[in-house]
Amino acid sequence: MSVEASVAETAVIQQLDAVFPGGVISTFTPLTAGTALVESAHGGRISMNDGREYLDLVMGSGPMLIGHAHPAVVEALQQQATRGTQYYVASRPAIELAEKIIDSVPCAERLKFASTGAEATLHALRLARAYTSRAKIVRFRGAYHGGHDYAMLDATAGIPPAIAETVITAEFNDIAGLEEVFSTHGAEIAAVIVEPIQRNTPPAPGFLQRIVDLCRANGAISIFDEIVTGFRIAWGGAQERYNVVPDLATYGKIIGGGLPLAAVAGRSDLLDLADPHLNGQDERYVYFSGTLNGNPLAAAAGLATLEILDDPASYTALLHIGEALRTGIRELAEEQGIELIVTGEGPLVGIAFNTGEATDPDTFMKADKSKLKTLELGLLREGVFTNLSARVYLSLAHTDLDIEYALEAFRHALTDTAIS
Ligand SMILES: Cc1ncc(COP(=O)(O)O)c(C=O)c1O
């Protein structure tokens with residue numbers, strides 16, 4: 001750590017190291033001992049164990065699109081908590097949340113809840129395999145779909161070779177490459193799973209539609225992983241923004257309002273394979289259940305969140321601050337002669353120290369990561385908390401003044417990066 005830790009901060013690090021591998025609960029490693037533990041978070045601000053309050057551009061890694069501890073969410077949680085926090089049977093918040101998602105998501109005719117995004121993508125792939133009676137799935141190099149085996153090839157130890165044999169890795173934004181994959185393996189492919197914006201790489205024009213068309217022509221299922229884009233880049237997510245409708249889509253983050261909740265939504269003939277009445281009756285029956293799936297507390301938080309977002313003004317505001325930050329960072333980089341790619345839609349902002357095309361996934365994957373860390377550390381010193389190797393997550397709680405503050409921090413931190 002390059003910032004000197006106080007005695008109290010060192011004690012926190014020791015406490016964390018004693019229980020968590022690497023002292024962290026995720027893979028996100030704090031850059032200073034003073035930002036290893038969160039004390040509280042409100043709106044667009046987060047208070048850390050160093051006693052400082054930071055402008056939060058991490059926002060819980062994405063769920064907190066309307067801000068931390070939003071009064072409507074707190075109220076919904078309090079009300080639901082007094083009625084019980086877990087039933088294993090449907091609840092009013094769960095039905096209302098499902099109805100809202102089905103109303104707003106173009107591909108959604110039915111849905112099943114899960115608790116995490118990884119479970120949602122795992123079950124979407126299973127539904128596709130069961131429906132098509134095929135084993136192979138296609139995913140794109142550099143994509144992230146959660147921590148399960150089918151999504152983590154090359155990124156973790158512990159995956160059996162038999163799993164790897166069922167996964168074909170293709171190149172994002174390479175239509176010819178995907179056509180080639182289908183011409184070689186077409187009859188074996190159950191599904192193609194894609195992040196509509198892969199990490200921070202936008203889709204090339206026509207790429208998402210081509211995925212859907214190729215799947216349809218070859219009897220495979222198209223799955224959009226909208227865990228980041230859903231309800232964020234537009235009310236109807238990437239399907240609305242890019243005007244493409246897949247067979248299935250996965251949701252997480254925002255729809256749980258900061259509590260663990262995720263979903264698979266899509267065509268009813270696919271989702272209906274998870275009808276438990278089919279168990280023992282239909283060989284294509286898909287097991288899709290979990291103790292906490294559709295948990296009423298999480299559903300109440302998600303519903304309160306979507307009720308706030310269900311207003312075109314929300315998306316106008318999110319786009320406005322997103323554009324202001326993207327434009328501002330680009331201008332600062334240009335002024336300082338720094339080669340920087342800035343991408344994003346709505347409240348998402350991706351930053352890469354590199355040159356090249358934004359739609360080339362290597363522009364992000366092969367960018368200079370140490371400069372990104374230097375920038376993050378510089379921003380922390382200026383009072384701005386970021387996880388730039390993921391992306392900047394803005395929220396409705398961030399104001400024009402916050403963007404000005406962030407840009408001033410970027411001005412100083414980019415200078416440090418240029419001279420380091
Ligand atoms: C696109 C995408 N899919 C899936 C996941 C996995 O979600 P979870 O972390 O809830 O398992 C994530 C998480 O960041 C994600 O960004």
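**View 1. The lining of the second largest pocket, by residue class.** In this predicted model, the lining of the second largest pocket breaks down into 18 nonpolar, seven polar and four charged residues. That lining is made up of 29 residues. If you want to find your way to the centre of the second largest pocket, look for Leu111, Lys112, Phe113, Phe288 and Asn293, the lining residues that lie nearest to it. The space inside this second largest pocket comes to about 680 Å³. Two elements to pick out here are α3 (92–104) and β4 (110–114), each of which supplies at least two residues of the lining.

**View 2. The shell of residues around the ligand.** Here you can follow the ligand's surroundings along the chain: Thr116, Gly117 and Ala118, then Tyr144, His145 and Gly146, then Glu195 and Arg199, and finally Asp225, Ile227, Val228 and Lys253. Sorted by class, this shell holds four nonpolar, four polar and four charged residues.

**View 3. Polar atoms facing the ligand.** Zooming in on individual atom pairs, we start with alanine 118, where a backbone N or O atom lies 2.8 Å from an oxygen atom of the ligand. Arginine 199 takes part through its side chain, with a polar atom 3.0 Å from a ligand oxygen atom. For tyrosine 144 it is a polar backbone atom, 3.4 Å from a nitrogen atom of the ligand. On its own the ligand has 390 Å² of accessible area, and the protein covers 81% of it.

**View 4. A four-stranded open sheet with mixed pairing.** The strands of this sheet run in the order β1-β2-β3-β13, and their pairing is mixed. At the edges stand β1 (38–42) and β13 (384–385); each has a single partner strand, so one side of each is left without a neighbour in the sheet. Take a look at the pairing of β13 with strand β3 (residues 53–56): it is parallel and runs over two bridges. One bridge to look for joins aspartate 56 to its partner in β13, phenylalanine 385.

**View 5. A three-stranded open sheet with antiparallel pairing.** In this last view the strand order is β11-β12-β14, and the pairing is antiparallel. The edge strands are β11 (341–343) and β14 (392–393); with a single partner strand each, they have one side left without a neighbour in the sheet. Strand β12 (residues 348–352) pairs with β11 in the antiparallel sense over three bridges. As a handy landmark, valine 342 has isoleucine 351 as its bridge partner in β12.

Key. Residues are numbered from 1 along each chain as its sequence is written. This is a predicted model: local features need pLDDT of at least 70, side-chain atom pairs count only at pLDDT 80 or more; totals for chains, interfaces and linings use all residues. Side-chain values use heavy atoms; hydrogens and water are left out. A residue is near a molecule or strand if one of its heavy atoms lies within 4 Å of it. A polar contact is a pair of N or O atoms within 3.5 Å; within protein, one must be able to donate a hydrogen and the other to accept it, and residues adjacent in sequence count only if both atoms are side-chain atoms. Accessible areas come from the Shrake-Rupley method with a 1.4 Å probe; for residues, only the protein chains shown count as cover. Ala, Val, Leu, Ile, Met, Phe, Trp, Tyr, Cys and Pro count as nonpolar, Asp, Glu, Lys and Arg as charged, and the others, Gly among them, as polar. On a 1 Å grid over the protein atoms alone, a cavity is a set of points where a 1.4 Å probe fits but cannot get out, and a pocket is an open set with protein on both sides within 12 Å along at least five of seven lines; lining residues have an atom within 4 Å of a point. Grid points are joined across faces, edges and corners, and a volume is the space filled by probe spheres set on the points. Two strands pair if DSSP finds at least two bridges between them.
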